[in-house]
Amino acid sequence: MTAEILTAMGTALLLTILLEGLFGVIWGVRGGRDYLIMLLANVLTNPLVNVIHSFCAYELRFGRIIMLLITFFLEAGAVTAEGFVYKSRTDIKKPILFSLCANGFSFLCGIILNILM
């Protein structure tokens, strides 16, 4: 069970890093340092969001409506945290908007992958 959880979390983190990195290319992010900061910001936020989300869904067994609210607030927190990191530590243009769009892109891709699997 623990191996399955770690594999799922590692896969989610890897896909997030790849998808948000791809989004960074599309956005026009050019500096290698900016990509490193993006990677580190995701390493800090993604596992935390996934652990809290999984705990609420599988241990506390919240219903769908509550889980939608929890998901919204967790994602909003990740967008905010990453946006402020990008604003203070990168040359990314419009860092809060970038964070919102990159996280939205990654989130929607995750939904599509879950539907397909």
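A kink of about 25° is centred on Asn42 in helix α2. The bend at a residue is the angle between axes fitted to the seven residues ending there and the seven starting there. Helices are DSSP runs of H or I, at least four residues, numbered from the N terminus. The model is predicted; local features need pLDDT of at least 70, side-chain atom pairs count only at pLDDT 80 or more, and totals for chains, interfaces and linings use all residues. Residues are numbered from 1 along each chain as its sequence is written, and side-chain values use heavy atoms, without hydrogens and water.

Helix α2 covers residues 32–59, 28 in number. From first C-alpha to last, α2 reaches 40 Å, close to the 40 Å expected (1.5 Å times one less than the number of residues). Just after α2, Arg61 takes a positive phi of about 55°.

Asn42 is also among the buried residues of α2; buried means under 20% relative accessible area with a 1.4 Å probe, protein chains only. The others are Asp34, Ile37, Met38, Ala41, Thr45, Asn46, Val49 and Cys56. Their cover includes α1 (2–27), α3 (64–89) and α4 (95–116).

The largest nonpolar core has nine residues: Phe23, Val29, Ile37, Met38, Ala41, Tyr86, Ile92, Phe98 and Ala102. Such a core is a set of buried Ala, Val, Leu, Ile, Met, Phe, Trp, Tyr and Cys residues joined through side-chain atoms within 4.5 Å. Helix α2 gives the largest share of this core, three residues. A second, separate core of six residues includes Val49, Met67, Leu74 and Ala78.

Beyond four places in sequence, Phe23 touches Phe98, Cys101, Ala102 and Phe105 (contact: heavy atoms within 4.5 Å).

Technical notes: Helices (H or I, at least four residues) and strands (E, at least two) are DSSP runs, numbered from the N terminus. Buried means under 20% relative accessible area, exposed over 50%, partly exposed in between (1.4 Å probe, protein chains only).
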